Structure formats: C-alpha cells, structure tokens
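Ready for a few exercises? Keep the viewer open and try each task before you read its solution.

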Amino acid sequence: MSQGRALITGGAGFLGSHLADALLADGWNVVVVDNLLTGRRANLAHLRNEPRFEFVEKDICQPFDVGKIDYVFHFASPASPEDYHAHGIETLRVGSIGTFHALEVARKYSAKYLVSSTSECYGDPLEHPQKETYWGHVNPVGPRSVYDEAKRFTEAATVAYRRYHNVDVRIARIFNTYGPRMQIRDGRVVPTFVRQALLGEDLTVFGDGNQTRSFCYVSDEIDGFLRLANSDEHLPVNIGNPNEFTILECAQLVLKVTGSRSRIRNEPLPQDDPKQRRPDINKARQLLGWEPKIDLETGLRLSLEYFKKAVAEDTAAAR
Ligand SMILES: NC(=O)c1ccc[n+]([C@@H]2O[C@H](COP(=O)([O-])OP(=O)(O)OC[C@H]3O[C@@H](n4cnc5c(N)ncnc54)[C@H](O)[C@@H]3O)[C@@H](O)[C@H]2O)c1
C-alpha cells in the first residue's frame with residue numbers, strides 16, 4: 001500500500017539514506033535529489049533495483065521539479081565540520097537558496113515538509129541542557145557561522161512559509177548522530193576516534209577532553225524523524241540523545257569497543273568549540289512519545305563492522 005511520494009533532498013548522505021530506507025519500509029515511494037557534494041552513491045547502492053526508489057543528481061540551489069510530491073524531507077547541507085569548512089559558501093547557499101527551492105516544492109504540491117535543523121542553532125550555549133525555547137549563543141562571524149547561521153536562516157524561512165503560505169512544516173533540531181554510512185574522515189568525533197583506534201593511531205582529544213557531547217544512534221534518530229513527520233508540531237523539536245559524555249569518556253569507550261591499544265593525545269581546542277551540548281528532549285517525549293533506546297556502547301558495537309570495512313577501503317585507496 002503506497003503512502004504517497006516523498007522527496008528527500010540530500011538523500012545520498014548519511015542521515016538521508018537511512019531515512020530513504022525507513023520511508024520505503026513504511027510504504028512510501030521515494031525520490032532523492034542530491035548533488036553528491038558530501039554524499040555518496042554507495043549509500044544508496046542497495047536500492048538500485050527498488051522500483052519505488054528514484055535518484056536524481058541535481059544541485060537544489062537550482063530550481064527543480066521532480067513531479068508531484070506528498071512529503072518533502074529537506075536534508076541537503078554539508079553537515080560535518082570538515083565539510084562545512086571546506087564548502088562554506090555552498091553551505092550558506094543550500095541553507096538559504098536551496099531551502100527556498102525545497103519549500104517551493106512543498107508549496108506547489110501542498111506537500112507536508114520536514115527540515116533537518118541542528119543543535120548548532122544553540123551555538124556555544126549558555127543554557128544547559130538546551131530546550132527548544134532557548135534562542136542560542138552564536139558567533140555570527142566565527143568559523144562555524146557558515147553552518148550555524150545557514151541553519152538559523154533555514155528555520156526562519158521554514159516558519160515564514162508556514163506563516164505566509166500556510167505550508168505544513170516541521171523542524172527537527174538534530175544533535176550529534178552516528179552510525180553506519182558516516183564518512184570516516186569527516187572530522188566528527190565518533191568516526192575520527194574509531195578510525196584512529198582501528199589504525200592504532202593516537203586518539204586526538206581537543207583541550208582537556210572535559211567538554212561534553214551527546215551521541216544518538218542513527219536508528220533512534222530516524223525513528224524520531226518519522227514520529228515528528230506524523231505529528232502536527234510546527235515549531236522546532238530536539239531529536240537527540242540526552243546522555244552526556246565527556247569527549248574523554250567517549251574516547252575510552254571507543255578503545256574498549258575496538259579493543260585498541262591506541263593512546264589518547266591532547267591537542268589545542270579549536271575556536272568556538274562548544275563546551276557542552278545536550279538536548280532537553282522533554283518536548284519529544286511528551287509530544288511524540290519518543291526517546292532513544294540505544295546507548296553509546298551498544299551503538300558503537302552496532303557500527304563497528306561498517307567502520308572496519310570503511311577504514312580498510314580508505315587505507316587501500318590511499319596506497
Ligand atoms: N549527522 C548529524 O549528526 C547531524 C546533526 C545535526 C544536523 N544534521 C543535519 O542533517 C542533514 C544531513 O546530515 P548528514 O549527516 O546526513 O550529512 P551528509 O553530508 O552525509 O549529507 C548531506 C547531503 O546533502 C547533499 N547536498 C549538499 N548540498 C547539496 C545541494 N546544493 N544540492 C543537493 N544536495 C546537496 C550532500 O551531497 C549529501 O548527500 C543536514 O542538513 C545536517 O545539517 C546532521
């Protein structure tokens with residue numbers, strides 16, 4: 001039984017490709033539009049022969065129309081620090097121009113709309129844990145501003161399309177998510193530590209390692225998106241794991257799960273690195289009946305086979 005036709009912008013990326021799997025499993029037809037800036041065809045290779053799936057290689061900063069759509073999931077944007085530093089202008093463009101184009105698709109076809117926003121909207125927060133009502137503490141001209149401000153603009157454009165054009169929108173504020181299909185060289189904490197551990201290299205911890213992060217396993221995150229997609233909430237909802245770890249604790253857990261004998265090495269803290277990040281998920285709990293189920297150690301174990309394969313491929317490619 002078909003649920004209708006869903007568009008995923010950025011669906012060749014880490015989260016978008018898992019979302020494609022979940023929507024197909026839920027009975028949707030899925031069309032992915034992606035320019036492969038930071039995503040990979042390999043993330044969708046298993047869907048090659050799926051008749052309910054289409055892939056369109058396209059930059060969404062150009063106007064686009066892939067026919068009638070019932071639900072727009074707007075996920076296109078470089079997301080990792082390595083990627084948005086390398087592609088700063090593209091990040092601002094896709095967050096602004098690309099977002100308008102995604103919203104226009106929703107407006108044209110009276111489709112529902114869900115956008116992937118981020119905990120980066122809170123910047124280096126002065127409130128802890130972060131509730132959706134917190135407006136954030138963001139440096140508009142710092143090195144992370146290309147991403148943070150693009151996403152804040154994305155949220156502003158999204159609520160404006162609801163206010164002025166009555167588009168039926170949802171905003172997921174995503175916190176650090178990890179799992180299979182992440183790029184192993186994207187600078188995010190989990191793949192970096194796992195790669196270093198598997199290669200027997202030192203694990204690089206910035207500062208004293210007492211800054212905290214929370215890590216959500218990808219299947220929990222996708223479950224949160226689907227519940228939000230089926231809800232009527234139009235204002236932002238935090239979707240992330242509230243269990244807080246110091247970066248040092250995370251490094252130690254990676255050593256345990258991989259059985260690696262790597263050592264931990266401290267390096268200087270980058271500018272504007274947030275000291276604490278943890279979602280307050282009471283809104284998601286109450287509104288969506290959602291909370292994550294998979295703890296960090298279990299999620300690392302579930303990801304290990306993928307990371308081993310990715311590290312082996314990366315090493316072979318470098319030869
Ligand atoms: N992974 C996380 O922990 C996390 C946290 C917060 C927010 N998010 C958000 O979730 C979304 C997906 O993140 P991800 O981790 O899957 O990143 P990703 O880089 O793996 O995926 C992003 C995808 O967007 C595509 N893309 C970028 N610019 C495009 C353009 N102009 N036109 C078409 N496609 C374009 C890329 O090629 C890529 O496939 C992003 O919007 C990101 O900001 C992710």
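The exercises below go from the whole chain to single residues of this predicted model.

**Exercise 1. The whole chain**

Task: Find how many helices and strands the protein chain has, and decide how compact the protein chain is for its length.

Solution.
- Begin with the secondary structure, which comes to 9 helices and 13 strands.
- Next, take the radius of gyration: the value is 19 Å, close to the 20 Å from the globule rule for 319 residues, so the protein chain is as compact as a globular protein of that length.
- For the outer dimensions, the C-alpha trace spans about 55 × 45 × 40 Å along its principal axes.
- Now the contacts: of those with a separation of 6 or more, 81% join residues 24 or more positions apart.
- As for the surface, about 14,200 Å² is exposed, and carbon and sulfur atoms supply 50% of it.
- Inside, buried residues make up 55% of the 319 residues.
- Finally, the charges: the mean positions of the 39 positive and 42 negative charges are 2 Å apart.

**Exercise 2. Three covered helices**

Task: Work out which residues of α1, α5 and α6 are buried.

Solution.
- Start with α1, residues 14–25, which reaches 17 Å from its first C-alpha to its last, close to the expected 16 Å. Of its 12 residues, 10 are buried; among them are Phe14, His18, Leu19 and Leu23. Gly27 follows α1 with a positive phi near 100 degrees.
- Go on to α5, residues 189–199, where 8 of 11 residues are buried. The buried residues include Phe193, Val194, Arg195 and Gln196. They pack against β7, β8, α7 and α9. Just after α5, Gly200 has a positive phi of about 75 degrees.
- Finish with α6, residues 218–229, which reaches 16 Å, close to the 16 Å expected. Here 9 of 12 residues are buried, and this group includes the acidic pair Asp220 and Glu221 as well as Ile222, Phe225 and Leu228.

**Exercise 3. Leu288 and its surroundings**

Task: Is Leu288 buried or exposed, and which residues is it in contact with beyond four places in sequence?

Solution.
- Locate Leu288 in helix α8, residues 282–288.
- Check its relative accessibility: at 9%, which is under the 20% cut-off, Leu288 counts as buried.
- List the contacts, leaving aside neighbours within four places: Gly224, Arg227, Leu228, Ser231, Val237, Ile239 and Lys283.
- Compare with the previous exercise: Gly224 and Leu228, both contacts of Leu288, are also among the buried residues of α6.
- For a sense of scale, Asp148 is 140 residues from Leu288 in sequence, and their C-alpha atoms are 26 Å apart.

**Exercise 4. Backbone angles to look at**

Task: Where do Leu36 and Arg181 lie, and what is omega for the peptide bond from His128 to Pro129?

Solution.
- Recall the background: most residues other than glycine have a negative phi, and most peptide bonds are trans.
- Turn to Leu36, a residue that is not a glycine but has a positive phi of about 60 degrees. Leu36 sits in the loop between β2 and β3 and is partly exposed, with a relative accessible area of 21%.
- Arg181 has a positive phi near 85 degrees. Arg181 is in the loop between β7 and α5 and, at 17% relative accessibility, counts as buried.
- Last comes the peptide bond from His128 to Pro129, which is cis, with omega near -10 degrees. Pro129 lies in the loop between β5 and α4.

Note on methods
Residues numbered from 1 in each chain as written. Predicted model: local features only at pLDDT ≥ 70, side-chain atom pairs only at ≥ 80, totals over all residues. Heavy atoms only, no water. Helix = DSSP H or I, 4+ residues; strand = E, 2+ residues; numbered from the N terminus. Buried < 20%, exposed > 50% of the residue type's maximum accessible area, 1.4 Å probe, protein only. Contact = heavy atoms within 4.5 Å. Rg over C-alpha atoms; globule rule 2.2 N^0.38 Å. Areas by Shrake-Rupley, 256 points an atom, 1.4 Å probe, with all protein chains shown as cover. Lys, Arg positive; Asp, Glu negative; His and termini not counted. Charge placed at Lys NZ, Arg CZ, Asp CG, Glu CD. Expected span 1.5 Å × (residues − 1).
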